[in-house]
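Please work through the exercises below with the sequence and the model open beside you.

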Amino acid sequence: MNTNQIEGLIGMLTVLGILVLLALPSALGVVRDRRADRQIREAQEARGERETQKSSSRSTVPSTATWYADGRRSKKLVSS
């Protein structure tokens, strides 16, 4: 290899190294986001399974505290 070829090789490796340094944070971010999305999806699926098991025991009537709080809020809006 002569001097011109060695300089060309060094230049090409330098450009490739800079390209890798610029693309690496983006690639790592994509991998991290996909992992987070997968964990969220798994948690939602697990929560959905638990809710379907509990759904028959839940009451659909609001509690007295909820009814009272809603009434207080509506009175405040009217009196303002």
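Three exercises with worked solutions follow.

The model is predicted, so local features need pLDDT of at least 70 and side-chain atom pairs count only at pLDDT 80 or more, while totals for chains, interfaces and linings use all residues. Residues are numbered from 1 along each chain as its sequence is written, and side-chain values use heavy atoms, with hydrogens and water left out.

**Exercise 1.** Determine how many helices and strands the protein has.

Solution. Helices are DSSP runs of H or I with at least four residues, and strands are runs of E with at least two, numbered from the N terminus. By these criteria the protein has 2 helices and 0 strands. Helix α1 covers residues 3-54 and contains Met12.

**Exercise 2.** Find what share of the residues is buried, and then classify Met12.

Solution. Buried means under 20% relative accessible area, exposed over 50%, and partly exposed in between, with a 1.4 Å probe and protein chains only. Buried residues account for 0% of the 80 residues in the protein. Met12, with a relative accessible area of 46%, is therefore partly exposed.

**Exercise 3.** Identify the partner of Glu42 in a salt bridge, and place both residues in the helix.

Solution. A salt bridge requires a side-chain nitrogen of Lys or Arg within 4 Å of a carboxyl oxygen of Asp or Glu. The count under this rule is 1 salt bridge. The partner of Glu42 is Arg38, and their closest N and O atoms are 3.8 Å apart. Both residues lie in helix α1, 4 residues apart, which is about one turn of the helix. Glu42 is partly exposed at 46% relative accessibility, and Arg38 is partly exposed with a relative accessible area of 39%.
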